[in-house]
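Hi everyone, thanks for coming. Today I'd like to walk you through one protein model, a few places at a time. Have a look at it on the screen first.

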Amino acid sequence: MSIFPAIDQALEAFASFVWGPPLLMLLVGGGLALLIYSRGRPYRHLGHSIGLLSGRYDDPNDPGQVNHSQALSTALSGTLGLGNISGVAIAITIGGPGAIFWMWVTALVGVATKFYTATLAVMFRGRDASGELQGGPMYVIREGLGRRWMPLAVLFAVAGLCGMLPVFQSNQTTQLLRESFAEPLGWVAPGGSLTFDFVIGLLIAVASAYVIAGRIQRIGKFSARVVPGMVLLYLGMTLVVIASFWEQVPAAFALIFSDAFSGQAIAGGTLGSVITVGVSRGAFSNEAGIGTESLAHGAAKTREPVREGVVAMLGPIVDTLVICTCTALVILLTGAWQQEGDIAGVTLTAQAFSQVFGQFGPILLLLMVLPLAFSTIVTCWYYGMKCYVFLFGCRWQGLYTGLYMILIVLGAVASLSAVNSIIIGMYAVMAVPTMVSTLLLARHVNRAAHAYFTRMEVAKREGAEASQ
């Protein structure tokens, strides 16, 4: 329960306002416009991303800071984890099963959106205050649209500073630790302990500081090692649950589709709230059109912007179409979403896994959540630091890092309602400059994509002829 209900209500009203119909049209309608404008070309070359991730096209002399696979892992580490586990549970709790359908919609159009935003992040990289080459929506706006659009770049950077707060990950990680270990073992009484939450938050902050000290290079290497393994572990867990209820899978999908256009699966559900929750949670999950993914992909070592756009397209597919769908099926098939009581966030997902794995369900979930939540926290620091440097230069970077560590600790004892509203609200604000600049500069991406894929097809044809 929050100790500041008035603040919670104000933040919820803000998040609800910014995620209104205009923004939904900008994200979904803008993504659909990019899909049509590209004539589906990004989707036709999705297989090329595998070759890029294998390192076949890597050149250590290319400008940038991390290779393609590390850039994608860093971007995924900022989205995978609690956004897929806790976020899906929140979406179903608030918007009903139909919200999942609208999450899928954001992912399908988000593939095209990410192709454009990531390509632009490399195409219009700019120098920061220290002279280092950087990518991201604020640099795309400054370098691609010119100085007169700087207010839009500043808006993104300010919203990024607030939206990249680590409080959500810290809050949900601490909650899962407390309910999976501390309470069953009798370390704390049911209902929580501020002392326990504070200590866990402090430990997360100390571990984060170690990885953060290595900046994007260490974050990229850490993410590339952790993310793939944790994704496979989680998929294995969800497939066991789905297999246990395999006869009910068609009914679960039918419920998702029917509720997406009725909103009647939960008490008081309305179609408008189902769509709003689904799109906002989908955007929070895969970040297509938000711009944060561009901050990671803009650091890729490449001279071919289109290559990073192709790599970035995998994000919404892995994140939302695969991981979020598996989480949703676990919650729906086990019936956890219909349990009585005030259960939300990661606790709901943990209870769903308990239906199959018993007392080991939350523990297995915790083993997967901890590394991913931790990688998200350090990745969000990198995003926030880029926004900070863009706004204030390179001075006093230690002040931002210190404040970030404090917020990790505070997030462990904060209200989920307040945390959720701040993050969701700032994500909406970031989407405005990102989508506006992407739509205005989309023609540059089309020209570059045509030239790049033409060269690739010619090289492939020549290679085939030479081998004959």
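Let me begin with a question: in which loop does Trp-396 lie? Trp-396 sits in the loop between α19 (360-392) and α20. Before I say more about that loop, please keep in mind that this is a predicted model.

So, back to the tryptophan. Trp-396 is exposed, and its relative accessible area is 65%. Its backbone is worth a look too: the phi of Trp-396 is near 60°, a positive value in a residue other than glycine. Why mention that? Most residues other than glycine have a negative phi.

There is another residue of this kind. Arg-39 is not a glycine, yet its phi is positive, about 55°. You'll find Arg-39 in the loop between α2 (21-37) and α3 (41-44). Is Arg-39 buried or exposed? Arg-39 is exposed, with a relative accessible area of 73%.

Now let's zoom out for the overall picture. The protein has 21 helices and two strands. Of its 468 residues, 58% are buried. And here is a number about how the chain comes together: among contacts with a separation of 6 or more, 83% are between residues 24 or more positions apart.

Helix α21, which covers residues 416-467, gives us some nice examples of such contacts. Let's stop at three of its residues.

First stop, Ala-431, which has its place in helix α21. Ala-431 counts as buried, at 0% relative accessibility. What does Ala-431 touch, if we skip residues up to four places away in sequence? The answer is Leu-23, Leu-26, Leu-27, Gly-289 and Ile-290. Take Leu-26 from that list: Ala-431 and Leu-26 are 405 residues apart in sequence, but 8.4 Å apart in space, C-alpha to C-alpha.

Next, Thr-438, also in α21. This threonine is buried, with a relative accessible area of 3%. Where does a polar side chain go in a place like that? The side chain of Thr-438 reaches the backbone oxygen of Thr-434, at 2.7 Å. Setting aside residues up to four places away in sequence, Thr-438 touches Leu-34, Tyr-116, Thr-117 and Leu-120.

The last stop on this helix is Asn-446, which lies in α21. Its contacts, leaving aside neighbours within four places in sequence, are Tyr-37, Ser-38, Arg-41 and Tyr-116. You may recognise Tyr-116 from the list for Thr-438. How far apart are Asn-446 and Arg-41 in space, C-alpha to C-alpha? They are 9.3 Å apart, with their positions 405 residues apart in sequence.

Let's move to a pair of helices. Helix α7 (residues 98-123) and helix α16 (residues 305-312) pack at an angle of about 145°, and their axes are 7 Å apart. The crossing of the two is right-handed. On the α7 side, the contact is made by Lys-114, Phe-115, Ala-118, Thr-119, Val-122 and Met-123. On the α16 side, the partners are Pro-305, Val-306, Glu-308, Gly-309, Val-310 and Ala-312. Sorted by class, that contact has eight nonpolar, two polar and two charged residues.

And how many residues of α16 are buried? Eight of its eight residues are, so to speak, under cover. Among them are Arg-307 and Glu-308.

One more side-chain pair before the cysteines. Thr-401 has its place in helix α20 (residues 397-412). The side chains of Thr-401 and Trp-381 are joined by a polar contact of 3.1 Å. Not counting residues up to four places away in sequence, Thr-401 touches Ile-212, Trp-381 and Met-385.

Finally, the cysteines. A disulfide is a covalent bond between the sulfur atoms of two cysteines. How many disulfides are there, counting sulfur pairs within 2.5 Å? The count comes to zero. Cys-326, for example, is in no disulfide, and the nearest cysteine sulfur, in Cys-324, is 9.5 Å away. Cys-326 counts as buried, at 10% relative accessibility. And why is Cys-387 not bonded to Cys-162? Because its sulfur is 9.7 Å from that of Cys-162, the closest cysteine sulfur, which is too far for a bond. Cys-387 also counts as buried, at 0% relative accessibility.

That's my tour. Thanks for listening, and I'm happy to go back to any of these places.

Notes:
Residues are numbered from 1 along each chain as its sequence is written. This is a predicted model: local features need pLDDT of at least 70, side-chain atom pairs count only at pLDDT 80 or more; totals for chains, interfaces and linings use all residues. Side-chain values use heavy atoms; hydrogens and water are left out. Axes are lines fitted to C-alpha atoms, for helices over the stretch in contact, and angles run from 0 to 180 degrees between N-to-C directions. Helices (H or I, at least four residues) and strands (E, at least two) are DSSP runs, numbered from the N terminus. A crossing is left-handed if the near helix is turned anticlockwise from the far one by less than a right angle, and right-handed if clockwise. Contact means heavy atoms within 4.5 Å. Ala, Val, Leu, Ile, Met, Phe, Trp, Tyr, Cys and Pro count as nonpolar, Asp, Glu, Lys and Arg as charged, and the others, Gly among them, as polar. Buried means under 20% relative accessible area, exposed over 50%, partly exposed in between (1.4 Å probe, protein chains only). A polar contact is a pair of N or O atoms within 3.5 Å; within protein, one must be able to donate a hydrogen and the other to accept it, and residues adjacent in sequence count only if both atoms are side-chain atoms. A disulfide is a pair of cysteine sulfur atoms within 2.5 Å.
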